[in-house]
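Here is a short tour for the bench, to be read with the model open beside you. We begin with the domains of one chain and then turn to a strand in another.

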Amino acid sequence: MTKRLSIILLLVGGFLLHSQETNESVFKTLKSNLTVSFESNSQWYVNDSKFGDFEEDEHLRTTNFLRLDYTISDRFSTGIQLESYAPKNLLNNSELYDEDLELATYYLRYKTKSLDFTLGHYYAQFGSGLILRAWEDRALGINTALFGAKMVFSPHDAFRITTLYGKQRKGFDLSEGEIFGANAELDLTNALNIMRSSNLLLGLSYVGKKEDYRNLENLSVDAVPNIVNSFSGRLNFSHSNFYTDFEYVAKSDDIRLNNIIPNTVSFSENQTFEGNAVSWTAGYSQKGFGVSYNFRRLENMRLFSERAFGNANNNPTNQLSVNYLPALSKQHDYTLANIYLYQSQPGLFIENYESPLIKAGEIGQFVDLFYNFKKGSFFGGKYGTKLNINMSYWASLANNYSDPNGIPYFVSDDLTYETEFLNFKNKLYTDLNVEIRKKWNRRLRSIFTFINVFYNKSYLESKADGSKVRAWIGVAESTYKFSKGNSVRLELQHLSTNDDARNWLGGTVEYFFNSKFGIYFNDSYNYEDSKIIQDTKIHFFNVGGSYTKGATRLALNYGRQRGGLLCVGGICRPVSQNTGLTLNFTSTF
Amino acid sequence: MNKYFYVILLTIPLFTQSQNALPDITLKTLSGQTVTTKQMAEKHDLLIISLWATWCVPCKNELDAIAEVYDDWVDDTNVTLYAVSIDDSRTSKRIKPMINGKDWEFEILLDENSDLKRAFGVSTVPFTAVIKQGKIMYKHTGYTPGYETELYNQILKIAD
């Protein structure tokens, strides 16, 4: 057991012993003020006749999270999170966390109506997270909590200011870089009283990252900034059914370090580059109808509390990321719809082919439309019909590179570039999604989905082979509810394309015996010959069941995971194919 | 796994019961104003907090199913439901257009960085908690078709 953990246990023990009250009432107080949650994920990887043997070490791996939150009084609360990755983290997750058992986070919080002060580990987000987001997502294996202090002060309902300082969590260690920031939010709705049913909110943020430059690669960089500053301004306005949000972020100069794919030769190591982001949304919604338009442009916006983590090859799970730059395209529930999925391109990467390929960022837009065909209308039928159309278009930033010293590009450390502000010509990804939800009667509901997708594989997966994928995906699913609380769900999927791994067929059948116990089987089968032989004619199946009681859930699953890009929760990362048994247990008391 | 972990785990049920106080967490309304769970509990004697997301199909099915019977629930028990979205900026732009197509009568709040989700100790959504006088009386994870009837029976029990 580790030293840190022993200290915590001693403190708890000490608290119990020194308490003035009798043991029984101490016990009662503890009971009603303690919230406990536990999550355990285990995978047992097996050898597979189709893939060959499992060649990594440790066939059985588990990750476990135990979180305890204790309310001390009206104003004080405290908590810890213990994590165990034994003997190693799950496959494809970060090895930073490989510890048998360790105290991962701990905090002490003081909260009144106007002041919220946290000491220790904390999570935070400024605005939408474009400038700062410290968060946890266990499914993605990421925890970017900050360790230090955070204060939220709101002297008035319409004004809040957050200030924070901390070092970011790096496995069970802390980042070398320090993060400090402030965020002010002002609600002018009442102050201006401009129009009835209007809202106007303003937000201003600053985030600084201080990191001394360590000469990792013997680079000859003249002026490496130790502080990278980011500023954000935001405006949210709504009037009756109309709304709009705008955000602009500017990030100061920083160097670019060793992020070359696939070669190790690097460019531009004497240059520094600025970053910026623009995000704009406008929407209109009324009962039965909603539409929104979203625009976003990101240029060189990746920011890590340690520069070395900006290397996408070494850090596929985005550990130590300071801000949150997700892909803005529709998030899909279906397995085949998750094969060709957009991954956001916010960073600056200069790749070395015959001529330099400068990936400076992305520009794009998406439109979302929801419409409800009324009950009794031609398309609505007896129960109404719901329609959602979603379109997105994403391109890389058009840019021109140059070298002020006229050195051949493949050795140039002074290579620089300029981007065009509004140029959508370098298409990376487009999709069109049409989803129709239909309730046929009290027992039967269906969802029909059609997707058309264009995916620039060459660029998005750094293949440099010009490969592109155009595909159609169709999905039909129906749920039938029986009278005794049991239900069955059937889902059929097909992906059609002549590119990449060609056509896929997929399906799911799920049966719930009651609200507690259910089983399912799904399969994706790539039934045509193609050059992607690792996918051809293999059943990527999963079979499993789950049992839920109150807030406790146990799920068991056996199946094959496709190798390649795996997208969960909107973040994609390369994974190796594997076969195995998975056990998930979660509970909160 | 380390044996100490098991020892700690085994002692936990001794210390816990389901009637914990509702954690005090700051959420946002759709128009960006802040509201705390404490204020919500002070305003409503009996409330349901349902954590959901635009990308979670069972969540939307649950809220659709509750929406059909919500008026009756309110009439009979005076319960108030808050549907708290855990969508982050990847999908949060979809909330406003989506909910209007849905005829949901309950209020939608935003938990953009999963603060409430974390304070509830929840790993997956949907998650539903029934709160009476600021105490969490009942918690449930997941949704299967027809579960809303069971949830309502729990509310009736707690309302008494």
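## Domains and a buried strand

In this predicted model, chain A splits into two domains: domain 1 covers 1-39 + 62-111, and domain 2 covers 112-325. Where they meet, 18 residues of domain 1 of chain A are in contact with 16 residues of domain 2 of chain A. On the domain 1 side, the largest share comes from strand S4 (residues 102-111) of chain A, which supplies nine residues. By character, the domain 1 residues that touch domain 2 of chain A are eight nonpolar, four polar and six charged.

Now let's move to chain B and its strand S3 (residues 46-52). Is this strand of chain B largely enclosed or left open by the rest of the structure? S3(B) is largely enclosed, because six of its seven residues are buried, that is, each has 20 or more other C-beta atoms within 10 Å of its own.

S3(B) pairs with two strands of chain B, S6 and S4. The table sets out each pairing, with one residue pair as an example.

| Partner of S3(B) | Sense | Bridges | One residue pair |
|---|---|---|---|
| S6(B), residues 127-132 | antiparallel | six bridges | B:Leu46 opposite B:Lys132 |
| S4(B), residues 80-85 | parallel | six bridges | B:Ile49 with B:Tyr82 |

To get from S3(B) to S4(B), the chain passes through helix H3 (residues 57-77) of chain B, making a β-α-β crossover that is right-handed. If you trace this path on screen, start at S3(B), follow H3(B) and finish at S4(B).

Methods:
Residues numbered from 1 in each chain as written. Chains lettered and ligands numbered in written order. Predicted model: local features only at pLDDT ≥ 70, side-chain atom pairs only at ≥ 80, totals over all residues. Domains from an automatic or database assignment. Contact = placed C-beta atoms within 7 Å. Helix = DSSP H or I, 4+ residues; strand = E, 2+ residues; numbered from the N terminus. Nonpolar A, V, L, I, M, F, W, Y, C, P; charged D, E, K, R; others polar. Buried ≥ 20, exposed ≤ 12 C-beta atoms within 10 Å, placed from the backbone. Pairing = 2+ DSSP bridges. Right-handed = clockwise from strand over helix to strand, strands pointing away.
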